[in-house]
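Q: Please guide me through the way two copies of a chain can be related and can touch. Where should the reading begin?

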2 protein chains.
Amino acid sequence: MENKYWIGIDFGGTNIRVGLFKEDKLIHENKFLTEADRGPDYIIENIKKNIQIIKGVHDIEGIGIGMPGPIDPNKGVVLSPVNLPGWDSIPLTDILTKYFEVPCYIENDCNVAALAESLEGAGKGLNIVFYITVSTGVGGGLCINGEIVSGASGSAGEIANIIVSDKPVKHSFLNPGSLEGMASGTSIIKLAKKEGLNVNHAHEVFRLADENNKAAKEIIDSVMDHLARGMAAIAHVIDPNIFILGGGVSNSVANFAPNMKERFEQYIYPTMRGKIQVKASQLSEPGMLGAMYLVKQKVKNINSKEVL
Amino acid sequence: MENKYWIGIDFGGTNIRVGLFKEDKLIHENKFLTEADRGPDYIIENIKKNIQIIKGVHDIEGIGIGMPGPIDPNKGVVLSPVNLPGWDSIPLTDILTKYFEVPCYIENDCNVAALAESLEGAGKGLNIVFYITVSTGVGGGLCINGEIVSGASGSAGEIANIIVSDKPVKHSFLNPGSLEGMASGTSIIKLAKKEGLNVNHAHEVFRLADENNKAAKEIIDSVMDHLARGMAAIAHVIDPNIFILGGGVSNSVANFAPNMKERFEQYIYPTMRGKIQVKASQLSEPGMLGAMYLVKQKVKNINSKEVL
């Protein structure tokens with residue numbers, strides 16, 4: 001069987017990574033600054049140029065992209081990501097498909113991370129995988145049987161907006177008492193500064209709590225409790241085989257996954273306890289890999305339908 | 001092609017319905033009192049006898065059962081439903097499979113209702129269907145592509161236990177501030193009695209609210225608001241194409257579905273609004289029908305795997 005080539009793109013607010021895959025193996029990668037302030041036309045030209053360079057003489061079968069939402073994965077349209085000024089209903093997949101004459105698919109970054117972890121990471125071999133990232137914000141992605149569940153408008157896994165508290169804590173345009181407002185890196189820093197703690201990153205607050213700083217302990221306790229409530233809500237909806245915890249905050253704190261497991265199990269039915277794994281993410285850069293799998297699966301599904 | 005016969009059983013705390021289906025069509029039904037207080041041995045004999053009567057001379061392909069949880073659908077074991085004293089880890093499917101020498105599958109009643117609504121009711125033709133029952137309690141069931149999503153321990157859709165409030169309202173063994181504690185028929189009656197309203201059913205409180213009774217209005221407002229928070233949490237996890245609302249409370253209140261749609265949309269992202277339908281359940285007795293589809297799908301899946 002002939003090897004096929006695919007492009008996987010991790011499109012972030014700061015960096016863009018374009019990877020060339022020979023089947024499932026990354027064989028070449030370009031990483032460059034997004035330069036978000038230069039707007040969509042410039043960035044799209046830059047992506048095109050880098051795909052062109054990296055594909056070289058190879059014919060590619062398709063292009064997959066993971067990027068911050070909100071996007072419409074069904075139409076392949078970038079709606080209006082917070083960190084990408086000027087991107088307002090840009091039909092990114094159409095643009096790339098026209099230019100390279102191959103299929104192109106897009107999903108939000110948490111969904112492609114979930115897909116990569118589901119196929120090659122901590123969720124390998126498991127049926128229902130729920131990926132949660134706790135970093136500046138909070139995000140999620142759901143895979144069932146190794147495929148992304150996108151939802152009616154591509155919003156499955158958009159857990160930042162789940163209400164986990166009656167407290168009128170406003171964060172961005174989210175609901176008062178939202179999961180992201182109560183349990184993100186940003187909210188940890190905000191609470192810490194309010195208490196006069198001199199910190200720049202959430203993991204420093206975790207460290208202070210370990211050192212028995214009273215204010216830090218209360219903040220971390222509240223943050224982990226609200227995250228546990230969010231995880232319990234997710235568990236009562238989809239009852240995953242595993243929660244995979246990734247993102248800057250999760251990754252920088254020792255024993256975060258086992259500690260969260262202990263906490264969230266208090267909020268689920270006794271009959272559910274011990275049956276949902278909670279593990280740290282295993283892939284350091286799931287973006288390109290997940291984006292490659294995304295397009296590969298979509299193309300495969302279309303082909304198998306055509307045969308039928 | 002020869003027609004095949006299936007048994008679908010709706011096993012409730014008060015009544016049991018045993019139905020004989022010729023392919024998807026119900027051709028004979030027996031309904032009898034559960035007599036829960038007579039314990040599992042008596043009830044199982046009664047079920048066996050009624051299956052025997054109803055199947056008559058026909059060979060059946062399998063038996064499907066929908067009943068109140070907690071159950072373990074993977075092992076076919078009834079764990080300990082609140083309204084069925086003495087049922088404690090009873091391997092119901094094994095018992096019936098041994099006796100009738102056909103495959104037998106079990107799922108909780110909300111999941112089979114979701115399956116029936118997904119295949120023949122309000123969710124027909126839709127990809128992701130989330131069924132919610134609001135009656136004495138609150139329950140849910142999830143179907144994707146016309147099949148039940150059961151979850152790691154059969155607890156997908158067990159939304160009663162989702163925390164929707166910081167208020168320490170305790171209800172049964174659920175979390176304080178649980179969805180069922182804040183928004184079930186039982187909680188409506190409890191709140192109404194506390195306010196001195198002379199009512200016996202939740203729909204009377206809805207009626208009083210319509211008539212501008214201040215206390216009733218506040219109760220209904222709080223109940224619908226907490227239900228809306230629960231629906232928003234579900235939407236942020238799975239982003240269904242439709243919410244189907246069933247159960248005694250939903251069915252007895254005019255315009256319940258459109259009113260809930262309006263409320264829950266306040267708690268989801270603007271980009272999601274208008275894309276999730278909210279409709280009343282269409283099937284009056286989804287139990288037997290869903291149970292029949294359950295066993296039929298399982299048998300079909302096993303056969304198709306054997307062919308591969």
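A: Begin with superposition: copies are superposed by least squares on the C-alpha atoms of residues with pLDDT of at least 70 in both. In this predicted model, local features need pLDDT of at least 70 and side-chain atom pairs count only at pLDDT 80 or more, while totals for chains, interfaces and linings use all residues. Residues are numbered from 1 along each chain as its sequence is written, chains are lettered from A in the order in which they are written, and side-chain values use heavy atoms, without hydrogens and water.

Q: By what turn and shift can chain A be laid on chain B?

A: A turn of 180 degrees with a shift of 0.0 Å along the axis lays chain A on chain B, at an RMSD of 0.0 Å. The two copies are therefore related as by a two-fold rotation axis. In chain A, the C-alpha of A:D166 is the nearest to that axis, at 2.9 Å.

Q: How many residues does each chain bring to the contact?

A: Contact means heavy atoms within 4.5 Å. Chain A gives 45 residues and chain B gives 45 residues.

Q: How is buried area read, and which residues of chain A lose the most?

A: Buried area is the accessible area (1.4 Å probe) that two parts lose on being put together, summed over both. Here it is about 3300 Å², 61% of it on carbon and sulfur atoms. A:D166, A:V237 and A:Y269 lose the most in chain A, together 20% of what that side buries.

Q: How many salt bridges cross the interface?

A: A salt bridge is a side-chain nitrogen of Lys or Arg within 4 Å of a carboxyl oxygen of Asp or Glu. Two are found between chain A and chain B; one of them joins A:R229 and B:D166 (3.6 Å, N to O).
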